[in-house]
Amino acid sequence: MKYRDEYRTADAARGYANAIARITTRPWTLMEVCGGQTNAIMRFGIDQLLPKEISLIHGPGCPVCVTPIDYIDKALDIAGTPGVILCTFGDMLRVPGTKSDLAAARAGGADVRVVYSPLEALAVARDHPGNEVVFFAVGFETTAPANAMTVYQADREGLVNFSVLVSQVLVPPAICALLDRPGNRIHGFLAAGHVCTITGYAEYEPIARQHRVPIVVTGFEPLDILEGVYRCIHQLERGESIVENQYSRAVRRPGNQLAQQVMESVFQIVPRHWRGMGEITASGLGVSPAYQTFDAEARFGAVISQDESQGECTSGAVLRGETRPDQCPAFGTRCTPEHPLGVTMVSEEGACAAYYRYRRQVRRPVE
Amino acid sequence: MKYRDEYRTADAARGYANAIARITTRPWTLMEVCGGQTNAIMRFGIDQLLPKEISLIHGPGCPVCVTPIDYIDKALDIAGTPGVILCTFGDMLRVPGTKSDLAAARAGGADVRVVYSPLEALAVARDHPGNEVVFFAVGFETTAPANAMTVYQADREGLVNFSVLVSQVLVPPAICALLDRPGNRIHGFLAAGHVCTITGYAEYEPIARQHRVPIVVTGFEPLDILEGVYRCIHQLERGESIVENQYSRAVRRPGNQLAQQVMESVFQIVPRHWRGMGEITASGLGVSPAYQTFDAEARFGAVISQDESQGECTSGAVLRGETRPDQCPAFGTRCTPEHPLGVTMVSEEGACAAYYRYRRQVRRPVE
Amino acid sequence: MNEDSEQHCPLSSEGRELVKMAHGGGGRATARLLDSLFRPAFDNPWLERQHDGAVLDMPGAMAFTTDSFVVRPLFFPGSDIGAMAVHGTVNDIAMCGAEPQYLSAGFILEEGLPLATLRRVVDSMAAAARETGVRIVTGDLKVVERGKADGLYINTAGVGRVVANHPIEPGQVRPGDRLLLSGDIGRHGIAVMAAREKLDLQSAIESDCASIAPPVMALLNEGIAIRCLRDLTRGGLASALVEVAETAGLAARIQEADIPVREDISAVCELLGLDPLHVANEGRFMAVVAPEDVDRAIDILRRHSVSEAAVDIGLFLEGSAGLVTAQSVIGGSRVVDMLSGEQLPRIC
Amino acid sequence: MNEDSEQHCPLSSEGRELVKMAHGGGGRATARLLDSLFRPAFDNPWLERQHDGAVLDMPGAMAFTTDSFVVRPLFFPGSDIGAMAVHGTVNDIAMCGAEPQYLSAGFILEEGLPLATLRRVVDSMAAAARETGVRIVTGDLKVVERGKADGLYINTAGVGRVVANHPIEPGQVRPGDRLLLSGDIGRHGIAVMAAREKLDLQSAIESDCASIAPPVMALLNEGIAIRCLRDLTRGGLASALVEVAETAGLAARIQEADIPVREDISAVCELLGLDPLHVANEGRFMAVVAPEDVDRAIDILRRHSVSEAAVDIGLFLEGSAGLVTAQSVIGGSRVVDMLSGEQLPRIC
Amino acid sequence: MCLAVPGRVISIEGDDPLTRQGRVDFGGVIKSVNLAYVPEVKPEDYILVHVGFAITVLDPREAERVFEYLETLQQ
Amino acid sequence: MCLAVPGRVISIEGDDPLTRQGRVDFGGVIKSVNLAYVPEVKPEDYILVHVGFAITVLDPREAERVFEYLETLQQ
Ligand code: SF4
Ligand code: SF4
Ligand SMILES: [Mg+2]
Ligand SMILES: [Mg+2]
Ligand SMILES: [Mg+2]
Ligand SMILES: [Mg+2]
Ligand SMILES: [Mg+2]
Ligand SMILES: [Mg+2]
Ligand SMILES: [Mg+2]
Ligand SMILES: [Mg+2]
Ligand SMILES: [Mg+2]
Ligand SMILES: [Mg+2]
């Protein structure tokens with residue numbers, strides 16, 4: 001495939017790896033924001049090509065991981081309501097709520113349907129006028145325009161049986177929150193390239209400036225990530241802290257303004273609770289007043305915030321980049337993808353799952 | 001089982017058979033009105049015990065057989081309406097409508113449920129308040145009180161999602177119609193014992209008198225039928241024509257007056273079309289004005305009468321007792337219970353089916 | 001369920017017809033479907049023999065058979081789907097004159113089935129296998145979406161060493177051969193129906209589900225001249241008998257008075273308008289034996305608890321192929337036919 | 001679906017758990033269910049060997065295996081449920097080092113299935129059986145109520161004469177043995193998914209469904225030292241490989257660059273967030289062979305069209321049992337695990 | 001038509017005349033039967049049951065008549 | 001997060017800017033993609049697709065940059 005295979009060649013990867021090694025003089029800790037990047041790093045073994053001085057730590061960039069348990073419980077609640085069809089991305093099916101997950105709810109009789117695109121949820125609503133169809137709209141800025149479009153179209157079509165349970169989050173406020181944490185040890189960021197196709201990266205410039213931290217908008221292929229690391233280290237070694245755009249084939253500084261418009265008309269910025277990080281001001285999206293009738297929370301009751309209790313799971317620290325999954329005592333033993341203790345083990349993109357899939361030495365699960 | 005096994009003994013049967021033979025001096029044709037009796041005759045080989053002079057011919061006493069195709073088509077129509085649950089006795093499942101039958105409709109996705117008792121249909125209505133539940137109420141006077149009870153109770157409970165498609169028929173008018181037909185050759189009747197548990201037999205007395213035909217209210221066990229035959233022949237040989245009650249352990253002259261009351265309050269007497277016999281005045285029951293809201297015809301449109309077209313099927317004549325099933329050219333070849341051409345082959349009680357099951361010599365179906 | 005295509009020259013009558021419950025009733029509709037569709041398509045001598053399983057010409061001759069089990073409810077008085085899946089195939093192997101040895105088990109599970117239920121079923125299978133001395137040596141497991149099955153379905157296939165030193169199949173039946181029935185009939189079908197239908201019946205009726213291999217092995221070991229064996233499952237005694245008579249090209253005659261039917265079974269049949277001869281069994285079989293061996297055969301059968309009420313109920317005769325007649329309790333005669341359609345409660 | 005009972009000491013974690021799709025995914029959840037429930041219950045050495053089928057100690061040694069087929073839609077590009085039901089079991093027999101000979105077929109039909117559809121399926125089975133030289137010698141037919149199945153389900157069981165003169169099973173694998181893959185992977189799973197999901201994909205992707213018996217027989221006949229064979233069905237190459245490595249008590253290492261995946265398959269995997277190593281095949285297998293026989297084995301495989309693209313993709317090593325690592329295209333290394341959960345389209 | 005089966009009433013429950021139920025023994029099988037149409041029935045009586053309803057109470061004296069009648073014929 | 005896959009636009013259908021669809025080639029597999037957010041796209045362009053929506057048009061010139069940059073580093 002064009003625009004994929006050429007960014008996965010061993011020679012070029014080695015070239016970048018050598019270049020990085022050449023310029024690295026001391027330890028640096030970089031955070032890749034996006035779980036997709038974490039996944040690529042693990043799957044291709046990109047970190048193994050880097051000099052020991054460089055630590056890659058994994059950011060909160062998995063919408064599945066950061067969705068608070070309150071929303072999962074609400075989704076379960078809604079799915080259990082007679083006559084409701086709950087549509088969701090496949091990713092959400094096994095995320096544990098307080099007592100169950102959507103896969104178990106489906107096994108127990110709830111009508112839970114996996115969609116590939118939000119537009120399918122809309123089609124389900126059209127096809128089942130006698131049912132309430134609720135789309136569980138999760139995602140970062142990349143997904144928000146697509147999710148927003150369902151509401152926009154439902155409104156245009158007068159689809160009265162459609163609504164969205166919105167758990168959308170925004171990246172820049174989370175980056176700021178991480179940087180503001182006491183003891184923060186992140187020297188540079190690989191920003192999430194696909195988020196930036198929508199948002200552009202102007203918003204990252206004041207962050208880089210104010211926190212004196214290099215930010216490189218980075219793609220998802222091995223060469224993209226290696227170049228992103230190179231550019232970040234290059235800045236760090238020279239004491240610079242600007243925003244660079246490694247992913248220029250896909251990302252423009254202003255982003256996708258049409259997508260931004262639809263997103264801003266359907267959604268409004270709200271404070272949001274992030275797993276592992278607590279509430280972050282202006283870090284989420286909710287349904288805007290103009291589209292209030294499509295808000296599932298208006299139809300089925302508002303999501304109720306609960307205290308986050310994680311037991312022995314250290315996924316909060318993992319999501320903040322403070323600990324690595326394989327440093328968790330439960331990792332690979334009491335906590336596996338089949339019996340996850342934390343959301344970062346459930347999501348295919350979660351850092352714990354990525355470590356488990358690609359990095360664990362085989363330890364037998366404790367029975 | 002008490003009240004069953006003692007009426008099935010070979011010795012007593014032979015005793016009655018001998019007694020019948022002793023008194024029979026010339027050919028007599030008797031009609032057993034009820035398909036249940038036809039079935040017992042075939043199953044136990046009762047006719048084989050009788051002298052050749054006696055012909056038993058089979059009456060229209062199968063509610064399945066005489067239900068006009070219009071009602072089957074209406075039931076199919078209703079069953080095909082989204083949201084409807086059609087409840088029916090198992091007997092009705094394979095009765096062919098113009099294009100299909102209820103078993104095929106169910107296979108094609110209609111919600112058709114077999115009930116053992118009309119009360120189950122009522123329970124279905126209670127359990128599915130979001131569905132229209134229609135009970136296909138067929139039967140003679142025996143079944144009418146039970147079917148009437150569903151409407152009576154639905155009214156009492158205020159069950160708004162329940163209705164009945166009524167195809168109830170009455171025996172005495174049919175007997176009169178048969179006797180009035182030109183060329184009628186019936187010398188005596190075995191009246192249907194179970195019908196008479198409800199109606200009593202006072203109504204039969206003027207018929208016997210006016211038409212000079214003996215009528216013996218008869219039970220369903222071999223000895224009952226043999227005694228019924230004996231009593232009938234006895235009258236005929238002596239030139240008598242009165243109503244006798246062979247089935248006195250179950251039938252009283254006034255019948256079951258409580259059952260009559262409920263039946264008369266829920267239903268009213270209407271003219272009805274009988275298969276093979278055309279319309280007979282005052283021979284059916286419809287929903288009475290007081291319970292009109294429970295009439296499925298009021299909810300789903302009235303049954304539309306069609307012309308009866310039977311092709312090569314002679315079931316009309318079979319139902320009138322003018323021909324025997326095994327005299328039909330299609331019998332056992334082009335017409336079998338798996339591929340019935342007429343309703344008398346479909347119903348377990350139909351005369352053609354009884355002949356096929358118990359009497360046919362094996363002729364290979366024509367492919 | 002939307003695929004359809006007329007291009008494969010469907011039989012004339014088959015064009016737009018739908019599969020109905022009757023096709024699976026084990027009676028005529030089933031027989032016709034097998035005749036018109038499966039047998040011509042697969043076209044081999046083993047299927048032509050229309051026997052319970054295939055006797056294969058392999059070193060040491062083995063029998064190989066299969067059945068799927070779809071009973072509802074999964075647990076019913078006297079047995080459950082797991083024990084049935086073992087006994088059903090064990091019995092079919094025994095019906096081939098073979099000693100049941102190895103089974104396969106294929107599970108189709110409905111999403112949402114409690115694991116505890118599955119465990120109960122599996123435990124029951126294991127117990128039945130132990131008890132009958134067979135090993136379940138290979139298997140498969142599938143899960144289908146909720147609403148695409150009914151709890152679980154089980155298929156078992158089985159193989160066993162052929163013990164009989166002569167063919168045992170309908171084709172061996174001769175006029176004059178006697179028909180032995182291993183015990184009273186109708187218990188399994190009525191037990192399941194009473195548990196399933198909303199009939200609100202309280203009874204002590206339990207399924208007869210059991211292995212019938214021990215008495216069959218005993219008959220073989222003692223050299224009884226067995227012509228044919230048939231277990232009386234779906235479709236009941238009537239369907240099995242008619243099928244054997246048709247394949248043998250003979251008529252048969254039975255005495256209804258000699259056929260054991262328990263009073264409670266008979267009562268439920270009256271209530272629901274069913275003929276006990278059409279009701280399913282899971283631990284009953286018929287054995288066709290040479291007339292000179294009848295008494296010895298009955299003696300042997302009665303030594304085993306599963307066939308302690310074995311009786312001689314009739315015989316095969318020259319006559320129309322498949323014409324089975326029964327003498328009724330009052331001395332009349334009637335034709336006995338396969339079950340037609342599904343078994344449903346009737347009012348008339 | 002209401003039966004449950006805790007009295008049969010369910011495993012602690014199993015108490016109120018429901019069967020989920022993952023249990024049928026052919027990956028870890030399936031393996032755990034087999035480990036914790038079926039194998040202990042049936043408890044016999046054949047199941048312990050965890051092989052595709054059972055090699056039975058009968059005169060002339062025969063293999064016996066079963067599978068149920070529940071694919072949706074019934075017909076999909078390149079194949080259909082009928083051909084799959086034949087090839088799937090034929091392939092499992094071949095994987096035992098045996099020549100497929102006889103199959104059983106058990107059908108569960110949903111009320112409402114068009115007969116024309118059934119005929120198409122049966123015809124396809126018959127054709128597949130002819131083509132692969134096996135006979136379908138016994139069968140069974142059940143019908144379940146509409147909404148209790150998904151058109152139809154098929155179980156096949158099969159037996160065949162063992163050709164190998166040494167055991168072929170995971171326990172035979174030694175460190176240093178090479179891992180051969182018979183061709184490109186992922187076609188069946190993606191063809192079915194593209195036909196099933198409302199993904200609106202137009203592609204030339206066809207299932208690879210085919211008999212792999214001919215190249216296997218050739219390997220055996222030419223005396224290749226085969227340690228183990230495994231067809232790569234549900235759960236894909238990754239699941240089969242991990243399972244074999246676990247059973248063998250060895251580690252394994254593969255080169256991702258050497259594993260053939262067609263560009264269109266790879267593209268769909270990217271779109272849906274799937275790993276081609278987890279995608280099902282129906283005409284692919286892996287063969288573990290002694291290192292000295294690799295070149296001859298590849299030569300033999302490449303002579304058969306179904307394995308003309310056979311390649312050497314890695315080897316077994318001393319190490320943690322079941323630890324399979326893959327060298328990525330850029331030279332990094334990762335662990336390869338069984339499929340976990342169901343295969344669903346993902347957005348991230 | 002009108003399959004009706006004899007059974008022995010074991011016990012009677014309920015006051016509402018419309019829904020009064022009897023536990024009825026049919027050859028050892030017990031089933032609930034609606035007794036609305038046989039208010040006179042008492043335990044140990046035999047009734048005829050059709051589609052879940054008792055339609056009549058059997059008269060034990062009359063039940064002998066078929067045999068007595070046969071006897072008179074045979075004399 | 002945010003799986004996005006590059007594909008080549010083969011053709012474009014529809015006038016309504018909200019529902020404009022492109023037939024897009026992904027390594028030989030054709031899929032319909034909503035083009036609402038890339039009004040500038042034309043056939044033969046490559047786009048990135050996320051959950052059925054095109055989110056950006058790929059710039060072929062910029063796509064070479066990662067290799068050019070590497071070359072400058074290696075000199
Ligand atoms: S390994 Fe499991 S328990 Fe540990 S942090 Fe990750 S999700 Fe939580
Ligand atoms: S045998 Fe068939 S065709 Fe002839 S009268 Fe009877 S139902 Fe009609
Ligand atoms: Mg079988
Ligand atoms: Mg069987
Ligand atoms: Mg059998
Ligand atoms: Mg399998
Ligand atoms: Mg009847
Ligand atoms: Mg198998
Ligand atoms: Mg297999
Ligand atoms: Mg296999
Ligand atoms: Mg069978
Ligand atoms: Mg991802």
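User: What makes the contacts in chain C between residues at least 6 apart in sequence mostly long-range or mostly local along the chain?
Analyst: A contact means heavy atoms within 4.5 Å, and among the contacts in chain C between residues at least 6 apart in sequence, 83% join residues at least 24 apart. This is a predicted model, in which local features need pLDDT of at least 70 and side-chain atom pairs count only at pLDDT 80 or more, while totals for chains, interfaces and linings use all residues. Residues are numbered from 1 along each chain as its sequence is written, chains are lettered from A and ligands numbered from 1 in the order in which they are written, and side-chain values use heavy atoms, with hydrogens and water left out.

User: How do you know how many helices and strands chain C has?
Analyst: They are DSSP runs numbered from the N terminus, helices being H or I with at least four residues and strands E with at least two, and on that basis chain C has nine helices and 15 strands. Of the 348 residues of this chain, 70% count as buried.

User: Why is Asp67(C) called buried or exposed?
Analyst: Buried means under 20% relative accessible area, exposed over 50%, and partly exposed in between, with a 1.4 Å probe and protein chains only. Asp67(C) has a relative accessible area of 12% and is therefore buried, and Asp92(C), at 6%, is buried as well.

User: What makes Asp67(C) and Asp92(C) donors to the magnesium ion (ligand 4)?
Analyst: Donors are N, O and S atoms within 2.8 Å of the metal (3.2 Å for Na, K and Ca), and water is not among the atoms, so sites may look incomplete. The OD atoms of Asp67(C) and Asp92(C) coordinate the magnesium ion (ligand 4) at 2.2 to 2.3 Å. The pair links distant parts of the chain, with Asp67(C) in strand β2 (residues 62-69) and Asp92(C) in helix α3 (residues 81-95), 25 residues apart. Asp67(C) also coordinates the magnesium ion (ligand 3), which is 3.8 Å from ligand 4.

User: Why does Gly314(C) count as buried or exposed, and which residues does Gly314(C) touch?
Analyst: With a relative accessible area of 3%, Gly314(C) is buried. It is found in strand β13 (residues 311-317) of chain C, and, leaving aside residues up to four places away in sequence, Gly314(C) touches Asp177(C), Arg178(C), Leu179(C), Arg253(C) and Ile254(C).

User: How do you know whether Thr89(D) is buried or exposed?
Analyst: Its relative accessibility is 0%, and Thr89(D) therefore counts as buried. Thr89(D) lies in helix α3 (residues 81-95) of chain D, and among the residues that it touches beyond four places in sequence are Thr65(D), Asp67(D), Leu103(D) and Gly158(D).

User: What is the make-up of the shell around ligand 1 by class?
Analyst: The shell has eight nonpolar, four polar and no charged residues, where Ala, Val, Leu, Ile, Met, Phe, Trp, Tyr, Cys and Pro count as nonpolar, Asp, Glu, Lys and Arg as charged, and the others, Gly among them, as polar. A residue is near a molecule if one of its heavy atoms lies within 4 Å of it, and the residues surrounding ligand 1 include Cys313(A), Cys328(A), Cys335(A) and Cys352(A).

User: How do you know how much area is buried between chain A and chain F?
Analyst: Buried area is the accessible area (1.4 Å probe) that two parts lose on being put together, summed over both. For chain A and chain F it is about 3,700 Å², of which carbon and sulfur atoms give 65%. In chain A, Met1(A), Tyr3(A) and Tyr116(A) lose the most area to chain F, together 16% of what that side buries.
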